[in-house]
Amino acid sequence: MRNVTVKTGTVEDFLARSREIARRIDQGKELKPEYTLTFEDPADMFSVMSPGRLALFRAAKKEPLSITALAQRLKRDRSSVKKDVDQLVAAGLLDVKEAPLPGHGRQKFVRAVADSIKLQAVVA
């Protein structure tokens, strides 16, 4: 698992971070694995990182579960949990894997791909 930073920033911030990473690679320095998801607008960040989605992340981090089991655990509608899972998968915070069921069929399990999420927002 990895640590994830979700933050606000400008295109210039992104380019500066990219240049710094390239500089470190050119110098032969070892890079720590990192994953940063940057939003220009804090409102966009908070729409993706809503309280319901954070609760979903925490539940999936405790143990990989099916969408139905997550919905039951969180006492939420299955279709809304499915939409939230899709958003968090697109953001790179959750992963969905298929596994065979004993005896018949397959089932999808949702798991967190990060140990933690660090949220950083600057509102100017």
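Which residues does Leu-94 touch, not counting residues up to four places away in sequence? The legends below start there; the model is a predicted one.

**View 1. Leu-94 and what sits around it.** Setting aside residues up to four places away in sequence, Leu-94 touches Leu-56, Phe-57, Ala-60, Val-85, Leu-88, Val-89, Val-110, Arg-111, Ala-112 and Val-113. Lys-61 can be picked out here too: its C-alpha is 8.9 Å from that of Leu-94, with the two positions 33 residues apart in sequence numbering.

**View 2. The largest nonpolar core.** This core has 26 residues, and Val-6, Met-49 and Leu-94 are the ones touching the most other members. At least two core residues each come from strands S1 (2-8), S2 (35-39), S4 (106-112) and S5 (114-120), and likewise from helices H2 (42-48), H3 (51-62), H4 (67-74) and H5 (78-90). H3 gives the largest share, with five residues.

**View 3. Helix H3 from end to end.** H3 runs for 12 residues and spans 17 Å from first C-alpha to last, close to the 16 Å expected at 1.5 Å a residue. Its buried residues are Arg-53, Leu-54, Leu-56, Phe-57, Ala-59 and Ala-60; note that an arginine is on that list. The cover over these buried residues includes H2, H4, H5, strand S3 (94-100), S4 and S5.

**View 4. Two H3 residues outside the buried set.** Pro-51 belongs to helix H3 and counts as exposed because its relative accessible area is 69%, which is over the 50% cut-off. From its C-alpha to that of Asp-115 is 18 Å, for a pair 64 residues apart along the chain. Lys-61 is also in H3, but it is partly exposed, at a relative accessible area of 39%. Leaving out neighbours within four places in sequence, Lys-61 is in contact with Ala-112, Ala-114 and Asp-115.

**View 5. The largest pocket.** Its volume comes to about 190 Å³. The lining is made up of Arg-17, Glu-20, Ile-21, Arg-24, Leu-31, Lys-32, Pro-33 and Glu-34. Sorted by class, that gives five charged residues, three nonpolar and no polar ones.

**View 6. Arg-17, one of the pocket-lining residues.** Arg-17 is in helix H1 (residues 11-26). With a relative accessible area of 24%, Arg-17 is partly exposed. Apart from neighbours within four places in sequence, its contacts are Lys-7, Glu-34, Thr-36 and Thr-38. Glu-34 also appears in the lining of the largest pocket. For a sense of scale, Thr-68 is 51 residues from Arg-17 in sequence and 39 Å from it in space, C-alpha to C-alpha.

**View 7. Thr-5 in strand S1.** Is Thr-5 buried or exposed? It counts as buried, because its relative accessibility is 18% and the limit is under 20%. Not counting residues up to four places away in sequence, Thr-5 touches Tyr-35, Thr-36, Leu-37, Lys-118 and Gln-120. Thr-36 is worth a second glance, since Arg-17 is in contact with Thr-36 as well.

**View 8. Lys-75 and its backbone.** Lys-75 is placed in the loop between H4 and H5. Its phi is positive, at about 55 degrees, although this residue is not a glycine. Most residues other than glycine have a negative phi. Lys-75 counts as exposed, with 74% relative accessibility.

Key. Residues are numbered from 1 along each chain as its sequence is written. This is a predicted model: local features need pLDDT of at least 70, side-chain atom pairs count only at pLDDT 80 or more; totals for chains, interfaces and linings use all residues. Side-chain values use heavy atoms; hydrogens and water are left out. A nonpolar core is a set of buried Ala, Val, Leu, Ile, Met, Phe, Trp, Tyr and Cys residues joined through side-chain atoms within 4.5 Å. Buried means under 20% relative accessible area, exposed over 50%, partly exposed in between (1.4 Å probe, protein chains only). Helices (H or I, at least four residues) and strands (E, at least two) are DSSP runs, numbered from the N terminus. Contact means heavy atoms within 4.5 Å. On a 1 Å grid over the protein atoms alone, a cavity is a set of points where a 1.4 Å probe fits but cannot get out, and a pocket is an open set with protein on both sides within 12 Å along at least five of seven lines; lining residues have an atom within 4 Å of a point. Grid points are joined across faces, edges and corners, and a volume is the space filled by probe spheres set on the points. Ala, Val, Leu, Ile, Met, Phe, Trp, Tyr, Cys and Pro count as nonpolar, Asp, Glu, Lys and Arg as charged, and the others, Gly among them, as polar. The expected span of a helix is 1.5 Å times one less than its number of residues.
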